[in-house]
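Reader: Could you take me on a close look at one part of this model, and then carry on from there through its surroundings? I would enjoy a connected account rather than a list.

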Amino acid sequence: AAFMPASSSDLLKQYGVDLLKGEDGIIFGYNNLMTPYANFAWDAGVIYHEYTHYSIGSALWRPAADKYGVDPTPRGLNEALADYMPCSFTSNTKMGEYALGSSARDLTRNLKCPDHIVGEEHQDGEVASGALWAARTVVGKDVLDKAIWKAVITFTASTTFSEASTAILDELKTA
């Protein structure tokens with residue numbers, strides 16, 4: 001499954017495929033690593049995950065430069081939010097439980113920065129989505145989710161974990 005902004009269809013057009021017809025799109029397929037195949041469109045968490053990517057839009061899609069080189073966390077933050085929001089909405093701590101099977105992302109895992117940052121956005125995202133889930137258990141779903149969305153509108157394409165946590169905490173202070 002994937003959210004595809006309209007601009008991404010240019011890649012497919014070079015092969016004669018105009019899948020999106022100039023629009024943003026969400027596509028679904030099958031997880032053929034499972035037997036029987038799992039249809040991503042049958043997993044509400046996956047649907048909400050891709051819709052969250054759509055809702056975030058152009059924010060959080062490129063690595064940021066820092067004093068050590070490249071910080072991959074903006075892309076991880078995009079995945080973290082796309083994992084956290086469906087889990088919060090459905091009150092299920094496992095993202096993609098049906099479609100991903102044993103590879104479902106569990107927001108109750110105790111992962112930390114920098115120990116578990118590996119540079120792959122889905123794995124890096126598990127650090128932040130777990131932190132968000134832990135915060136949800138303290139302040140509550142409604143308070144945290146509202147603070148997250150208020151913070152997200154301030155994010156850029158290269159907002160880091162650190163910057164995002166500060167923005168979310170600032171929103172929580174005004175809640």
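Reader: Leaving aside its neighbours within four places in sequence, which residues is A1 in contact with?

Author: Happy to, with one reminder before we start: this is a predicted model. Setting aside the neighbours within four places in sequence, A1 is in contact with I27, F28, F40, V46 and E50. A1 itself belongs to the segment before strand 1, which covers residues 2–4. A1 counts as partly exposed because its relative accessibility is 41%, between the limits of 20% and 50%. For a sense of distance, the C-alpha atoms of A1 and G22 are separated by 19 Å, and these two residues are 21 apart along the chain.

One of those contacts, F28, leads on to a feature of the surface. F28 joins I26, I47, Y48, Y51, Y54 and F89 in a nonpolar surface patch of about 650 Å². The element that gives the most to this patch is helix 2, residues 44–56, with four residues. Y48 is found in helix 2 and is also a member of the patch. At 30% relative accessibility, Y48 counts as partly exposed.

F89, another patch member, can serve as a stepping stone in sequence to S91. S91 sits in the loop between helix 3 (73–90) and strand 7 (94–95). Its phi is positive, about 55°, although S91 is not a glycine. Most residues other than glycine have a negative phi. S91 counts as exposed, because its relative accessibility of 52% is over 50%.

A second backbone feature is found at P114. The peptide bond from C113 to P114 is cis, and its omega is near -10°. Most peptide bonds, by contrast, are trans. P114 lies in the loop between strand 8 (105–106) and helix 5.

That brings us to helix 5, where D124 deserves a careful look. D124 is found in this helix, which spans residues 121–139. D124 is buried yet has no salt bridge, and the nearest side chain of opposite charge, R75, is 8.6 Å away. A salt bridge would need a nitrogen and a carboxyl oxygen within 4 Å. What the D124 side chain does reach is the backbone nitrogen of G119, at 3.0 Å. Apart from neighbours within four places in sequence, D124 is in contact with P72, G76, H116, I117, V118, G119 and F161.

And what of R75? Its side chain meets that of E121 in a salt bridge, at 3.1 Å from N to O. E121 lies in helix 5 and R75 in helix 3, so this pair ties together parts that are 46 residues apart in sequence. R75 is partly exposed, with a relative accessible area of 35%.

Helix 5 takes part in another such link through E126. R109 forms a salt bridge with E126, and the closest N and O atoms are 3.1 Å apart. This pair, too, links distant parts of the chain: R109 is in the loop between strand 8 and helix 5, E126 is in helix 5, and 17 residues separate them. The partners are covered to unlike degrees: R109 counts as partly exposed at 43% relative accessibility, whereas E126 counts as buried at 12%.

Further along helix 5 we come to S129. S129 counts as buried because its relative accessibility is 2%, under the 20% limit. Beyond its neighbours within four places in sequence, S129 is in contact with A80, D83, Y84 and L107.

Let us finish with helix 6, residues 141–152. D145 and K141 both lie in this helix, four residues apart, about one turn of the helix. Their side chains meet in a salt bridge, at 3.6 Å from N to O. D145 is buried, with a relative accessible area of 9%, while K141 is partly exposed at 30%. The pair belongs to a network of salt bridges that links K141, D142 and D145. Across the model, the count comes to six salt bridges, including the E121 and R75 pair and the R109 and E126 pair.

Key. Residues numbered from 1 in each chain as written. Predicted model: local features only at pLDDT ≥ 70, side-chain atom pairs only at ≥ 80, totals over all residues. Heavy atoms only, no water. Helix = DSSP H or I, 4+ residues; strand = E, 2+ residues; numbered from the N terminus. Buried < 20%, exposed > 50% of the residue type's maximum accessible area, 1.4 Å probe, protein only. Lys, Arg positive; Asp, Glu negative; His and termini not counted. Polar contact = N/O pair within 3.5 Å; in protein donor to acceptor, adjacent residues only side chain to side chain. Contact = heavy atoms within 4.5 Å. Patch = residues over 30% accessible without salt bridge, like charges linked within 9 Å, V, L, I, M, F, W, Y side chains within 5 Å. Areas by Shrake-Rupley, 256 points an atom, 1.4 Å probe, with all protein chains shown as cover.
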